[in-house]
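Reader: Please take a close look at the nonpolar core of this complex. I should also like to know how far the model can be relied upon around it.

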Amino acid sequence: MRRLVLVCVLILTGCASTNTAGGPPAPTGNCARAPRIPGSAGSPPVAVLHDIAAGQEEYLMGVPGKSYVRIVEPGLVASPVIAGGGVFFSERNGTKYQSRVAAFGQCSTLVSAGYLGPVDPEGRAAVVYDAVAGHTRLVARSGHVLAELSQNTGNWTNDGRLVVHEATGIAVYDLTGRRRSLNVGQSISPAGAQGPHGEIVTTATGAALIDLDTGHLTHLAGVSQAVSASPDGSYLVVMDLTKGWGLKRLKDGVTTQLTTFGPPVATSWSRDGEWLSIETLYGGEVIRLSDGRVTDLGPLLASF
Amino acid sequence: MATPSAQPAPAASQLPDFNARLGSNRFAAEAAVAVGRQLFSQGGQYWEVNVRTDPLTLGATYQPAAPGPATRPVNGARSVTVFMATESSGAIGLFRAGGTAHEKAEITMVATLLSGLFPGAATISIQIYFGESNRYATGVYSGGSLDYRVG
């Protein structure tokens with residue numbers, strides 16, 4: 001039986017705490033809070049949503065297909081990210097940016113100066129790009145700097161490793177900041193997490209999967225582009241120039257075409273792998289994998 | 001908005017609350033998305049759609065977290081102009097398949113959708129482009145009938 005989940009969603013405005021120390025911050029009391037959003041059996045988890053007809057600063061939170069609250073944060077830039085029981089976001093103050101995190105029900109705390117990049121799915125660390133200081137860093141949720149990075153992009157694996165491109169392979173950072181190179185003798189680009197410790201990569205000859213523990217590279221026959229993979233690694237969203245997007249089951253190669261309400265551009269998986277959100281140029285939808293049920297979100301794009 | 005909040009920073013409030021690539025105001029932008037979805041449902045046609053109302057801004061305030069469909073009828077538009085453009089050979093092929101009668105049927109479908117979203121609009125003009133500057137046809141929908149001209 002699916003567990004009922006109560007999620008307290010935070011309206012981020014007015015949070016004065018800027019605690020960067022390791023422990024939980026003490027809310028200062030002036031932190032406005034939104035009502036609790038009850039999860040329910042058979043519904044997707046809480047997501048951040050953006051209406052493609054909206055302006056750049058309007059983001060919602062809620063259960064896709066159900067009800068939403070607006071995230072109110074002056075200076076909010078780009079989409080907030082839900083990870084590890086909190087909401088990560090960037091805010092602008094003049095020409096400067098801050099990356100912050102707000103645990104559900106808490107005021108936000110400063111992660112680091114700079115613009116938020118990719119966030120660990122469990123919310124333990126994030127990439128932060130500080131244009132003013134001229135550096136990109138891997139920063140723990142507490143604000144502790146784990147590593148200096150040479151680029152401001154990368155992908156997180158589901159077990160919390162950051163994968164970045166290198167000339168003839170990839171580099172992998174763990175949550176202590178330790179860096180390890182995986183040289184595969186060719187140029188590959190990380191394209192998304194696959195399973196607990198794998199990564200989709202693009203190569204000169206098509207899509208492939210790399211095991212980050214062994215460095216073993218497996219080319220995907222007949223797949224020109226793999227868009228994303230389920231968190232358990234058993235499904236791939238694949239793109240075919242003639243057939244469109246499909247859901248490929250890796251164990252037997254069976255591919256089911258995905259019907260969308262517009263040209264698809266991106267996906268987001270729930271952490272349990274039960275829900276797949278598809279973003280299109282005309283809005284979004286959420287698919288429940290167990291029965292294929294599709295929820296049309298209209299112009300809303302949902303990120304889990 | 002779920003709770004009272006601080007006033008937005010001045011720099012933030014200067015940004016429009018709608019996607020200007022899609023429309024002249026939030027309701028128009030939402031309508032453009034609805035038109036795009038409707039066209040895509042006709043075999044997968046991809047069109048870029050922009051909707052402009054006259055006046056450009058309407059008096060109503062859009063409530064993003066309100067329950068119900070995101071695309072909502074609104075009063076205050078005297079007329080509506082739609083620009084729909086595609087460079088997709090597939091979209092052009094599907095649109096032109098069946099000749100002018102099919103094209104008129106598709107444009108009538110778009111106009112009917114928009115007349116429901118902007119019930120006060122006396123005319124709905126639709127300009128169809130193949131590419132960015134090659135206008136292929138124009139349709140003017142008024143009083144329930146369409147005047148459609150190619151060229």
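**The nonpolar core and its surroundings**

Author: B:Pro55 is located in the loop that joins strand S1 (48–54) to strand S2 (79–86) of chain B. The peptide bond leading into this proline from B:Asp54 is cis, with omega near 0°. The model is a predicted one, and the predictor assigns the complex an ipTM of 0.88 and a pTM of 0.87.

The largest nonpolar core comprises 114 residues. Those with the most contacts inside this core are A:Leu49, A:Phe88 and A:Ala126 from chain A, together with B:Ala31, B:Ala32, B:Val82 and B:Leu114 from chain B. Helix H2 (residues 26–40) of chain B supplies the largest share of the core, 10 residues.

On the chain A side, A:Ala126 may be followed in detail. Apart from neighbours within four places in sequence, its contacts include A:Phe88, A:Ser99, A:Val111 and A:Val139. The residues A:Leu116, A:Gly117, A:Pro118, A:Val119 and A:Asp120 are also in contact with A:Ala126.

Another alanine of chain A, A:Ala78, belongs to strand S6 (residues 76–83). Its phi is near 65°, a positive value in a residue other than glycine. A:Ala78 counts as partly exposed because it has 17 C-beta neighbours inside 10 Å, whereas 20 or more would be needed for a buried residue.

As to reliability, chain B has an average pLDDT of 90, and 91% of the residues score at least 70. Residues 1–12 of chain B, however, have a pLDDT below 50; this stretch has 26 contacts in the model beyond near neighbours in sequence. Predicted coordinates should not be read in detail where pLDDT is low.

Notes:
Residues numbered from 1 in each chain as written. Chains lettered and ligands numbered in written order. Predicted model: local features only at pLDDT ≥ 70, side-chain atom pairs only at ≥ 80, totals over all residues. Core = buried A, V, L, I, M, F, W, Y, C linked by C-beta atoms within 7 Å. Buried ≥ 20, exposed ≤ 12 C-beta atoms within 10 Å, placed from the backbone. Helix = DSSP H or I, 4+ residues; strand = E, 2+ residues; numbered from the N terminus. Contact = placed C-beta atoms within 7 Å. pLDDT = per-residue confidence, 0-100.
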